[in-house]
Amino acid sequence: MTAELLVAVPDAELIFDQIADALVETGYVVLPIALPPSIAEALFLRIASFEDEVFQAAGVGRADEFQLNPFVRKDEIRWLSQQDPVEASYLAWMEQLRLGLNRRLFMGLFDYEAHFSRYTEGAFYKKHVDAFKGRTNRVLSTVFYLNPGWALADGGQLLVYADEQSSDPEVLSTPIAKIAPLMGSLVVFLSDRFPHEVTAASRLRYSIAGWFRVNGSLGQQIDPPR
Ligand SMILES: O=C(O)CCC(=O)C(=O)O
Ligand SMILES: [Fe+2]
C-alpha cells in the first residue's frame, strides 16, 4: 500500500452533516480537512502559477457601488471559472455542498461564486461583514486555505467576531475564533452574522473566498453576479 492510500479522504456526506449541524448550532464551522487533499494541492499549484497580471485589486461593494479601497482591503483576486478543470473540481465540490445544505436545511441556496485571493506580505482585510441584512443575496460564506507549511508566527489569521446584535463593546471587540490559514482547511459561516478580518501576514497568503447566494428579489434590487 502506498502512503497516498493512507490519507483518509473524508466522506463528503459526513462533512455536509457536520457543516449543517454547525450552521444550526453556532452559525459557523472550521474544518481542518474537507475537500480531498488532491484538490487542495492542485488549487495551490494553480494559484501559485498565476502571473501577477492575472490578479485584480479587490474592491468593496457590488456593481455600481464598487470601489477600490486600499485602507479596507489590500488583497488581489481572480474569479474561479468552470473553464479550468482544477477550478471546476472545486466548484463541483461546492455544488455538492450547495445541494447537501439545501437538502438538510432547506436553505434555498441558488448559486455559488468564488475567487482566489492573494494577500502579499503585509496585506490585510479590515473588519467587515460579507452581507448586510436585506441588502444582498449572499447568505453563506466559505473560505478555503492554500498555504502549505503555514506557521502561527506567520500571522494572516482570520479573526471572527460575535454577532453584532450584542451591545457589549467587550463582546464586539473580542474574536470568538482566530483561524490560521492552514493548507486544506475550510471555514463556512452565515454571511450576515459574523464580522471578520484578515490580519497582516509576514508571507504570501492564499485563499479562495466564496459565497452561496439565494435568488430572492430584494425589492427592486437584485444582486448582479459578482
Ligand atoms: O481569506 C480570508 O481568510 C477571508 C477573506 C474574506 O473575508 C473575504 O474575502 O470576504
Ligand atoms: Fe469576508
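This passage describes the predicted model of a protein with one bound ligand, from its overall fold to selected residues and the ligand shell.

The predicted model contains 5 helices and 13 strands. The average pLDDT of the protein is 89, and 88% of the residues score at least 70. For the complex, the predictor reports an ipTM of 0.99 together with a pTM of 0.90. Where pLDDT is low, the predicted coordinates should not be read in detail. Of the 226 residues in the protein, 31% are buried. Contacts between residues at least 6 apart in sequence are made up, to 76%, of pairs at least 24 apart.

An open sheet is formed by 7 strands, in the order S1-S11-S8-S13-S6-S5-S2, with antiparallel pairing. Strand S1 (28-31) and strand S2 (56-57) occupy the edges; each has a single partner strand, so one side of each lacks a neighbour in the sheet. Strands of a sheet pair through backbone hydrogen bonds, either parallel or antiparallel. At the S1 edge, S1 and S11 are joined in the antiparallel sense over 4 bridges, and Leu 31 has Leu 186 of S11 as its bridge partner. Strand S6 is antiparallel to S13, to which 9 bridges join it; within this pairing, Tyr 112 is matched with Phe 212 in S13. Strand S5 (residues 76-79) is also antiparallel to S6, through 4 bridges, and Trp 79 stands opposite His 115 in S6.

Further antiparallel pairings involve strand S9. This strand is linked by 4 bridges to strand S10 (residues 175-179), where Tyr 161 stands opposite Pro 175. Strand S9 is likewise linked by 3 bridges to S12, again running antiparallel. In that pairing, Leu 158 has Val 198 in S12 as its bridge partner.

The largest nonpolar core comprises 42 residues, and Val 188 and Ile 208 have the most contacts inside it. Helices and strands both contribute to this core: H2 (12-25), H3 (37-49), H4 (85-105), S6 (111-119), S8 (138-145), S9 (158-161), S11 (186-190) and S13 each supply at least two residues. Beyond residues up to four places away in sequence, Val 188 touches Ile 19, Tyr 28, Val 29, Leu 140 and Thr 142.

Two aromatic residues in the strands of the sheet were examined individually. Trp 211 lies in strand S13 and has 22 other C-beta atoms within 10 Å; it is therefore buried, the threshold being 20 or more. With residues up to four places away in sequence left out, Trp 211 touches Tyr 112, Glu 113, Asp 130, Arg 138, Leu 140, Ser 141 and Ser 191. The C-alpha atoms of Trp 211 and Val 29 are 15 Å apart, while these residues are separated by 182 residues in sequence. Tyr 119 belongs to strand S6 and is buried, because 26 other C-beta atoms lie within 10 Å. Outside a window of four places in sequence, Tyr 119 touches Asp 75, Gly 156, Val 198, Ala 201 and Arg 205. Tyr 119 and Ala 200, 81 residues apart in sequence, are 8.3 Å apart from C-alpha to C-alpha.

Phe 106 is found in the loop between H4 and S6. With 8 other C-beta atoms within 10 Å, Phe 106 is exposed, because the limit for that class is 12 or fewer. Most residues other than glycine have a negative phi. The phi of Phe 106 is near 50°, a positive value in a residue other than glycine.

Ligand 1 is surrounded by Ser 117, Tyr 125, Asp 130, Val 143, Leu 158, Pro 181, His 196, Val 198, Ser 207 and Ala 209. By residue class, this shell consists of 6 nonpolar, 3 polar and 1 charged. Strand S12 (196-198) and strand S13 (205-213) each supply at least two residues of the shell. Several shell residues also appear in the features described above. Leu 158 and Val 198, both in the shell, are bridge partners in the pairing of S9 with S12. Val 198 is also among the residues touched by Tyr 119, and Asp 130 is among those touched by Trp 211.

Conventions
Residues numbered from 1 in each chain as written. Chains lettered and ligands numbered in written order. Predicted model: local features only at pLDDT ≥ 70, side-chain atom pairs only at ≥ 80, totals over all residues. Near = placed C-beta within 6 Å. Nonpolar A, V, L, I, M, F, W, Y, C, P; charged D, E, K, R; others polar. Core = buried A, V, L, I, M, F, W, Y, C linked by C-beta atoms within 7 Å. Contact = placed C-beta atoms within 7 Å. pLDDT = per-residue confidence, 0-100. Pairing = 2+ DSSP bridges.
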